[in-house]
Amino acid sequence: MAPLFSSRSRSPRKNPADRVVTLVGKPGCHLCDDAQAVIEKVCAETGASWEKKDITEDAELHRKYWEQIPVILVDGAQHDFWRVDPKRLRTALGA
């Protein structure tokens, strides 16, 4: 009987240093400030890089995420919104 999961079928894990976390938010947003503090700490610990995008300066981001900010993306894919759980973010980064 074949195993349910094969180690060969899994995609290789990315190194956290090769990952990019994006914070989509707006100025004056206290939840965005809280999210940034968590992202800065986790990225410093894992070696991942991070960037901040202002939803008020990008029409597409505004259309997609306005009701969810702050939104956290990992390598361009939505990871979380409103609150950032540091443990969950570390796991998503492969740390």
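This report walks through the predicted model shown above, from the whole chain down to one strand and one pair of rings.

## The chain as a whole

Let us start with the overall layout. Three helices and four strands make up the secondary structure of the chain, and their order along the sequence is β-α-β-α-β-β-α. Of its 95 residues, 33% count as buried.

Among contacts with a separation of 6 or more, 64% join residues that lie 24 or more positions apart. The chain has an accessible surface of about 6500 Å², and carbon and sulfur atoms account for 52% of that area.

## Strand β3 and its partners

A good place to look next is strand β3, which covers residues 71–74. On one side, strand β1 (residues 20–25) pairs with β3 in the antiparallel sense through four bridges; here Thr 22 has Leu 73 as its bridge partner. Strand β4 (residues 77–81) also runs antiparallel to β3, again with four bridges, and Val 74 stands opposite Ala 77 of β4.

How many residues lie between β3 and β4 in their hairpin? There are two, and Asp 75 in this turn has a positive phi of about 55 degrees.

## Two covered faces

In a regular strand, side chains alternate between the two faces of the sheet. In β3, Val 71 and Leu 73 are on one side, while Ile 72 and Val 74 are on the other. Both faces are covered, and all four of these residues are buried.

## A closer look at Ile 72

Is Ile 72 buried or exposed? Ile 72 counts as buried because its relative accessibility is 0%, and the cut-off for buried is under 20%.

Beyond its neighbours within four places in sequence, Ile 72 is in contact with a set of residues that includes Val 21, Thr 22, Leu 23, Ala 35 and Ile 39, as well as Ala 77, His 79, Phe 81 and Val 84. Val 84 sits 12 residues away from Ile 72 along the chain, yet their C-alpha atoms are separated by 7.7 Å.

## The aromatic pair

Which residues form the one aromatic pair found in the whole structure? They are Phe 81 and Trp 82, with ring centres 4.6 Å apart and 70 degrees between the planes. The pair counts as edge-to-face because that angle is 70 degrees, and the cut-off is over 60.

Both rings belong to partly exposed residues: Phe 81 has a relative accessibility of 31%, and Trp 82 has a relative accessible area of 45%. Phe 81 also links back to the earlier section, as one of the residues in contact with Ile 72.

Note on methods: Residues numbered from 1 in each chain as written. Predicted model: local features only at pLDDT ≥ 70, side-chain atom pairs only at ≥ 80, totals over all residues. Heavy atoms only, no water. Buried < 20%, exposed > 50% of the residue type's maximum accessible area, 1.4 Å probe, protein only. Contact = heavy atoms within 4.5 Å. Areas by Shrake-Rupley, 256 points an atom, 1.4 Å probe, with all protein chains shown as cover. Phe/Tyr/Trp six-rings, centres within 6.5 Å; stacked < 30°, edge-to-face > 60°. Pairing = 2+ DSSP bridges.
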